[in-house]
Amino acid sequence: MMQKKEPSSLLRIPVDHYQLVLSFLVSDDLLSLSLVSTEAKEMCSMTYTLIHGAAAAAGGTKMNANLRMSIPNMRNLDPVSSMSFMRITSPIPASRSESSGGSSHHVSDIMRLTHLLNRFQNLRRISLYNLSSMGDKFIPIINQCGARTSLVHLELHNVRIVADGSNTHIKNGSNRGLNLLDLPTDKLLHVELEGTLFCTYNVIQSFTLSQNLQTLKLTGCRALTDDNVHHLVSRMTKLNTLGLEQSSKLMAPRIESSSLEILLMGNNPLLRDISRIQCKNLTQVDFSFCSSIGNEMVERMLHISPKIETLILRGCMGFSMLDITPSSDCIKSLDLGSCMSLEQASIVSPNLTRLEIGLCVKLKSLILQLNAIDVIDLSMLTLKQLSIVATGARRLDLSGCCHLKEVKHLDCPKLLVVDICGTDLESEIFQVRERTKVKSGGDAYDWSDPFAFP
């Protein structure tokens with residue numbers, strides 16, 4: 001009697017889970033997997049039809065659209081009505097017959113994107129990447145897409161809008177910026193606009209008309225001014241996250257919001273006054289590479305917003321002294337990396353668990369009182385004076401601190417590993433317990449000129 005063949009192990013995986021996993025594969029990988037077995041071929045065929053069905057509707061040409069779906073149940077999926085998340089990486093490659101013409105290539109990209117967005121009626125989230133080759137021509141496509149009534153999350157990356165010139169779609173009329181055909185835009189909760197944007201404030205404002213907006217990230221808006229920022233934020237009562245990175249004209253923006261918790265303002269070279277930022281409920285602040293922020297600005301910011309837990313000041317070269325007082329006891333993460341002008345720092349924060357302070361090449365004096373931190377990395381700093389009180393620290397790295405001759409005060413009862421390689425420090429002062437291991441070797445001269453030859 002013929003033994004009954006056992007079903008393939010692939011069939012033990014739920015269909016919806018299997019299709020969700022396969023949806024992350026590109027076409028070539030799906031083709032390779034389809035050769036494994038009959039069951040795998042059937043499943044790959046279903047997944048390919050689901051993901052790339054919109055490509056066929058766009059003219060039957062091959063498209064390398066990168067879609068990511070977040071769907072609870074894919075078993076009875078109707079791609080026209082049920083897909084809720086679309087992520088497209090553009091420009092979309094044209095067929096061989098289309099790639100020979102320059103202008104026709106851009107026209108075909110626009111047509112494909114139009115067909116894709118019109119095919120799926122219930123999209124709640126759209127993420128478009130690498131849009132620079134389209135200029136501002138993507139704006140009317142979004143304005144007229146089939147998902148305009150259900151859109152909640154909109155991300156537009158690598159956008160290039162040079163100016164509101166006569167050859168753009170945003171000069172005047174109903175296509176001036178985002179305009180969802182006069183439909184209610186209060187459904188929009190999340191908007192990200194990133195790229196090289198020299199367009200006027202009217203265009204930027206068109207993306208922020210939703211009064212229920214919770215997340216707004218504007219990166220690379222070169223013409224955005226302090227007054228523009230105040231006008232934007234004053235209309236948003238539910239805003240939780242605000243990103244204003246790489247805005248080259250911001251100097252002293254006025255931001256007042258009781259709902260704002262996350263503020264991202266990195267890479268603003270002219271930003272010098274942050275005293276007008278009045279947001280008492282901030283928990284995360286990023287001023288990285290804002291080189292004009294002075295000594296007192298950070299302390300004033302911490303006084304106005306005492307709930308800050310994450311403070312990023314990486315690359316800020318405008319201050320030489322920093323004093324984090326016990327009143328800032330909410331701070332859990334502090335990034336001072338590459339602060340090239342910092343010479344003295346006193347950090348007293350009982351709840352701090354992460355400290356990044358590398359590449360501060362002028363730092364001479366450092367006082368630390370940190371009870372919750374586990375690892376303290378001060379390697380390769382030019383310290384001459386050091387005082388540490390860290391009752392919970394288990395690892396201390398002072399390797400390469402070639403100018404440090406002694407530690408003025410040390411209170412770290414739980415230390416397990418100490419690295420003093422490349423220093424003139426005595427290992428005995430770090431033997432706080434029997435289990436403490438002290439790594440030593442070399443001297444300060446070995447580290448002061450690592451490229452010297454004997």
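Select helix α8, residues 226–234, in this predicted model. Its buried residues are D226, N228, V229, L232 and V233. They lie on the same side of α8, because the arc they cover around the axis is only 155°. Next, display what covers these buried residues: the elements include helix α7 (201–206) and the strands β5 (215–221), β6 (241–243) and β7 (255–256).

Now turn to the cysteines, beginning with C316. Is C316 buried or exposed? C316 counts as buried, because its relative accessibility is 0%. Select C290 as well, since this residue holds the cysteine sulfur closest to that of C316. The two sulfur atoms are 5.5 Å apart, which is too far for a bond.

Move on to C401, which likewise has 0% relative accessibility and therefore counts as buried. Which cysteine holds the sulfur closest to that of C401? It is C402, at a sulfur-to-sulfur distance of 7.8 Å, again too far for a bond. A disulfide is a covalent bond between the sulfur atoms of two cysteines. With a cut-off of 2.5 Å between the sulfur atoms, the count of disulfides in the model is zero.

Finally, go to the surface and select M317, M340, L359 and V361 together. These residues make a nonpolar surface patch of about 360 Å². Within this selection, centre the view on M340, which is located in the loop between strand β13 (333–335) and strand β14 (344–348). M340 counts as partly exposed, because its relative accessibility is 31%.

How values were computed
Residues are numbered from 1 along each chain as its sequence is written. This is a predicted model: local features need pLDDT of at least 70, side-chain atom pairs count only at pLDDT 80 or more; totals for chains, interfaces and linings use all residues. Side-chain values use heavy atoms; hydrogens and water are left out. Patches are made of residues with over 30% relative accessible area and no salt bridge: like charges are joined within 9 Å, nonpolar side chains (Val, Leu, Ile, Met, Phe, Trp, Tyr) within 5 Å. Accessible areas come from the Shrake-Rupley method with a 1.4 Å probe; for residues, only the protein chains shown count as cover. A salt bridge is a side-chain nitrogen of Lys or Arg within 4 Å of a carboxyl oxygen of Asp or Glu. Helices (H or I, at least four residues) and strands (E, at least two) are DSSP runs, numbered from the N terminus. Buried means under 20% relative accessible area, exposed over 50%, partly exposed in between (1.4 Å probe, protein chains only). The arc is that of the directions from the helix axis to the C-beta atoms. Contact means heavy atoms within 4.5 Å.
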